[in-house]
Amino acid sequence: MAYQEGGDTPERIGAPTSRGYRRAIGRASVTPRPRSMSDSVGAPTGTSTPSMSSEPTIGMSYPATDTSGLGSVATPPSRTGDPAAPRHAAPDSATDTATTAVGEASTGAAPEQEGGFPDVSRETNDDDDLPLALEARRAVQILNPTGSVTMPRPPRRRVICVANQKGGVGKTTTVVNIAVALALHGNRVVVVDLDPQGNASTGLGVDHHAGTPSVYECLVEGASLKEVAKPVEGIPNLVCVPATIDLAGAEIELVSVVAREQRLKRAIDGYPEEVDYVFIDCPPSLGLLTVNALVAAEEVLIPIQCEYYALEGLGQLLRNIELVKAHLNPVIRVSTILLTMYDRRTKLADQVEQEVRGHFRDIVLDTVIPRSVRVSEAPGYGQSVMTYDPGSRGATSYFGAAQEIARRGAQLGGQ
Ligand SMILES: Nc1ncnc2c1ncn2[C@@H]1O[C@H](COP(=O)(O)OP(=O)(O)O)[C@@H](O)[C@H]1O
Ligand SMILES: [Mg+2]
């Protein structure tokens with residue numbers, strides 16, 4: 001997938017080369033731009049989201065009796081004036097972001113655009129981009145060409161399983177971007193792609209056509225992780241263990257294998273290199289592959305999409321983690337929750353966030369990942385958003401999330 005150079009127009013928003021031009025005219029322009037493919041995928045419009053018109057509470061998405069296993073809903077903290085209020089934007093981002101957020105929270109009214117028309121669009125538009133000078137500074141910090149910006153390394157290897165059996169919540173995007181962010185800032189990182197679709201491999205630009213040595217060989221044939229791990233181009237401290245379509249059959253093939261739940265753990269434990277982080281990108285299911293990831297890991301990171309039904313099924317995931325803890329891996333724990341695809345213009349996103357923070361408290365990262373076209377475009381170029389558009393709000397947010405993860409990791413005790 002490549003965009004042609006030349007003939008840049010505001011519509012040609014996918015082309016990295018068009019960014020300056022788009023920015024120069026974007027804010028003043030009132031010409032509606034066509035929705036890009038990534039806008040329409042998974043982004044319901046305000047009118048089609050059931051909660052938007054009738055304003056039900058989030059609790060409506062759960063059964064009346066608490067079969068979700070999440071317990072009762074704690075009263076959400078008020079955003080306004082709350083010192084622990086989460087950061088939805090870079091701390092030094094334009095004040096209009098903060099004003100809009102506070103305005104929304106206090107008046108409940110949709111933010112208005114110039115000219116008095118309410119902005120009810122769910123699209124991510126140019127307002128989500130950072131001003132140019134700030135963006136350039138961010139880009140340098142994120143790409144870190146001199147290596148002067150570092151994130152603290154953990155005292156021992158952290159194996160983090162990124163799981164949520166719901167598809168499309170941002171598992172792969174989170175793995176790719178956090179892994180790249182940590183690797184660009186002095187950490188040695190391994191990404192294990194455990195989804196037969198191989199999206200994490202694609203996102204890191206690592207070949208994963210059928211027949212490529214992959215995680216399948218580790219699980220089913222007992223190959224070592226080192227044999228199949230591939231360096232990620234342009235990111236010196238990052239390697240990826242790709243997944244090919246062969247993995248689709250692994251769940252069935254593993255049934256007859258000895259210690260079938262421990263196969264990935266064995267492979268990861270046997271990885272000889274010094275590594276700070278291993279991220280495992282799980283498939284959207286709770287089958288044997290995810291169980292292998294939960295057995296191999298010490299921590300679980302759950303990305304939660306700030307959308308309707310976001311928490312449905314989470315109870316089942318948590319119960320599975322408890323089962324694995326009881327029978328297979330006593331050290332596993334949910335260490336991190338990351339809110340993804342946050343759209344600050346919707347009250348729904350805010351409600352989901354407050355509910356998640358009410359339930360999960362400290363393990364929810366302060367940083368929230370906004371819904372951003374840049375984030376969804378990056379895999380098309382075999383890149384993370386960190387390298388595809390390092391000054392963008394998506395990159396900034398993932399950088400912030402990685403920093404939080406690194407800071408928390410630095411406080412872990414050694415072995
Ligand atoms: N913050 C975001 N803003 C916009 N699109 C996103 C964002 N995060 C993920 N996406 C897109 O949403 C889709 C699903 O994300 P993905 O990370 O593949 O989810 P999962 O791995 O949970 O199935 C992908 O097309 C991805 O590019
Ligand atoms: Mg995925």
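Biologist: Quick one to start: how many C-beta neighbours does Tyr-309 have inside 10 Å?

Modeller: Tyr-309 has 14 of them, so it counts as partly exposed. Bear in mind that this is a predicted model.

Biologist: Where does Tyr-309 sit?

Modeller: Tyr-309 is in the loop between β6 and α13, the helix at 314-327.

Biologist: And what's its phi?

Modeller: Positive, about 70°, even though Tyr-309 isn't a glycine. As background, most residues other than glycine have a negative phi.

Biologist: Which strand holds Met-341?

Modeller: Met-341 is in β7. Met-341 also has a positive phi, about 55°, without being a glycine.

Biologist: Buried or exposed, that Met-341?

Modeller: Buried: 26 other C-beta atoms lie within 10 Å of Met-341, and the cut-off for buried is 20 or more. As for the strand, seven of the 10 residues of β7 are buried, so β7 is largely enclosed by the rest of the structure.

Biologist: How many bridges pair β7 with β6?

Modeller: Seven, and the two strands are parallel. One of the facing pairs is Ile-304 opposite Leu-339, the latter in β7.

Biologist: Let's zoom out. What's the strand order in the sheet?

Modeller: The order is β3-β4-β2-β5-β1-β6-β7-β8, an open sheet of eight strands with mixed pairing. β3 (230-231) and β8 (364-370) are at the edges with a single partner strand each, so one side of each has no neighbour in the sheet.

Biologist: What about the rest of the secondary structure, how many helices?

Modeller: There are 17 helices alongside the eight strands. The protein has 415 residues, and buried ones make up 44% of them. Counting contacts with a separation of 6 or more, 77% are between residues 24 or more positions apart.

Biologist: Back to the strands. How many residues of β2 are buried?

Modeller: Five of five, in a strand that spans 189-193. Both faces of β2 are covered: Val-189, Val-191 and Asp-193 are buried on one side, Val-190 and Val-192 on the other.

Biologist: And which residues are the bridge partners of Val-192 in β4 and Asp-193 in β5?

Modeller: In β4, Val-192 is partnered by Val-241. In β5, Asp-193 is partnered by Asp-281. β2 runs parallel to β4 (238-241), with four bridges joining them, and β2 also pairs in the parallel sense with β5, over five bridges.

Biologist: Now β1. How many bridges does β1 make with β6?

Modeller: Three, in the parallel sense, between residues 158-162 of β1 and 299-305 of β6. Val-162 belongs to β1, and its bridge partner in β6 is Leu-301.

Biologist: Why does Val-162 count as buried?

Modeller: Because Val-162 has 29 C-beta neighbours inside 10 Å, where 20 or more is enough. Leaving out residues up to four places away in sequence, Val-162 touches a list including Lys-171, Thr-174, Val-175, Phe-279 and Pro-303.

Biologist: How far apart are Val-162 and Glu-299 in space?

Modeller: They are 8.6 Å apart, C-alpha to C-alpha, with their positions 137 residues apart in sequence.

Biologist: Which helix lies across β1?

Modeller: That's α12 (288-296), which lies across β1, β5 (277-281) and β6, at about 155° to β1.

Biologist: What does Ala-293 touch?

Modeller: Skipping residues up to four places away in sequence, Ala-293 touches Cys-161, Ala-163, Leu-194, Leu-264, Ile-280 and Cys-282. In the largest nonpolar core, which has 98 residues, Ala-293 is among those touching the most other members, along with Ala-179, Val-191, Phe-279 and Ile-280. The element giving the most to this core is α6, with nine residues.

Biologist: Last topic, ligand 1. Which residues come nearest to ligand 1?

Modeller: Out of 20 residues around ligand 1, the nearest are Lys-171, Thr-172, Thr-173, Val-375 and Ser-376.

Biologist: Which element supplies the largest share of that shell?

Modeller: α6, with three residues. α6 (171-184), β7 (333-342) and α15 (373-377) each supply at least two.

Biologist: And how many of the shell residues are charged?

Modeller: Two, next to 11 polar and seven nonpolar ones.

Conventions: Residues numbered from 1 in each chain as written. Chains lettered and ligands numbered in written order. Predicted model: local features only at pLDDT ≥ 70, side-chain atom pairs only at ≥ 80, totals over all residues. Pairing = 2+ DSSP bridges. Contact = placed C-beta atoms within 7 Å. Axes fitted to C-alpha atoms, helices over the stretch in contact; angles between N-to-C directions. Near = placed C-beta within 6 Å. Nonpolar A, V, L, I, M, F, W, Y, C, P; charged D, E, K, R; others polar. Core = buried A, V, L, I, M, F, W, Y, C linked by C-beta atoms within 7 Å. Buried ≥ 20, exposed ≤ 12 C-beta atoms within 10 Å, placed from the backbone.
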